[in-house]
Amino acid sequence: MGWYSVLINALRRSRVYGKHGMGTAFFICVLYAISAEVHHLFIPGRSKEVRDVLIDSSGALVGLGFICLLVGLVRRKR
């Protein structure tokens with residue numbers, strides 16, 4: 001799992017649950033991806049591409065989807 005799973009856990013401990021928690025986690029992941037690309041502006045030889053933000057955001061969506069599946073399986077098992 002990526003750092004987004006740590007983020008989801010932190011949100012849950014802050015009592016941010018469900019769709020609101022997932023949306024907040026995704027928003028923070030996108031902001032982090034954007035900040036990484038802005039950071040590349042100051043490093044010679046590094047590329048700065050919107051495509052990288054989209055790739056990182058897609059990875060966050062896949063990770064969040066995986067977490068949703070796991071939560072669903074655990075709830076079904078109970």
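Helices are DSSP runs of H or I with at least four residues, numbered from the N terminus. The model is predicted, so local features need pLDDT of at least 70 and side-chain atom pairs count only at pLDDT 80 or more, while totals for chains, interfaces and linings use all residues. Residues are numbered from 1 along each chain as its sequence is written, and side-chain values use heavy atoms, leaving out hydrogens and water.

Q: In which helix is the place of L64, and is L64 buried or exposed?
A: L64 is placed in helix α3. Its relative accessible area is 6%. Buried means under 20%, exposed over 50% and partly exposed in between (1.4 Å probe, protein chains only). L64 of α3 is therefore buried.

Q: What distance separates the C-alpha atoms of L64 and M22?
A: M22 belongs to the buried residues of α2, and L64 to those of α3. Along the chain, L64 and M22 are 42 residues apart, yet in space their C-alpha atoms are separated by 7.0 Å.

Q: How far does α3 reach from its first C-alpha to its last?
A: Helix α3 covers residues 50-77 and has 28 residues. The expected span is 1.5 Å times one less than the number of residues, which gives 40 Å for α3. Close to that expected value, the helix reaches 41 Å.

Q: How far does helix α2 reach from its first C-alpha to its last?
A: Helix α2 runs over residues 18-40 and has 23 residues. At 1.5 Å a residue, 33 Å is expected. The reach of α2 is close to this, at 34 Å.

Q: Which residues does S57 touch, not counting those up to four places away in sequence?
A: S57 is in helix α3 and counts as buried because its relative accessibility is 10%. Contact means heavy atoms within 4.5 Å. By this rule, S57 touches F26 and V30.

Q: How far is a polar atom of the side chain of S57 from the backbone oxygen of V53?
A: V53 and S57 are among the buried residues of α3. A polar contact is a pair of N or O atoms within 3.5 Å; within protein, one must be able to donate a hydrogen and the other to accept it, and residues adjacent in sequence count only if both atoms are side-chain atoms. From the backbone oxygen of V53 to a polar atom of the S57 side chain, the distance is 2.8 Å.

Q: Which residues does H40 contact, leaving aside neighbours within four places in sequence?
A: H40 is placed in helix α2. With a relative accessible area of 11%, H40 is buried. Its contacts beyond those neighbours are R46, S47 and K48.

Q: Which residue forms a salt bridge with R51?
A: A salt bridge is a side-chain nitrogen of Lys or Arg within 4 Å of a carboxyl oxygen of Asp or Glu, and the whole structure holds one. R51 counts as exposed at 53% relative accessibility, whereas its partner is partly exposed at 29%. With the closest N and O atoms 3.1 Å apart, the partner of R51 is E49.

Q: What is the approximate area of the nonpolar surface patch that includes F27 and I28?
A: F27 lies in helix α2 and counts as exposed at 51% relative accessibility; I28, also in α2, is partly exposed at 32%. Patches join residues with over 30% relative accessible area and no salt bridge, like charges within 9 Å and nonpolar side chains (Val, Leu, Ile, Met, Phe, Trp, Tyr) within 5 Å. Areas come from the Shrake-Rupley method with a 1.4 Å probe; for residues, only the protein chains shown count as cover. Together with L31, I34, V38, L41 and F42, these two residues make a patch of about 680 Å².

Notes:
Helix = DSSP H or I, 4+ residues; strand = E, 2+ residues; numbered from the N terminus.
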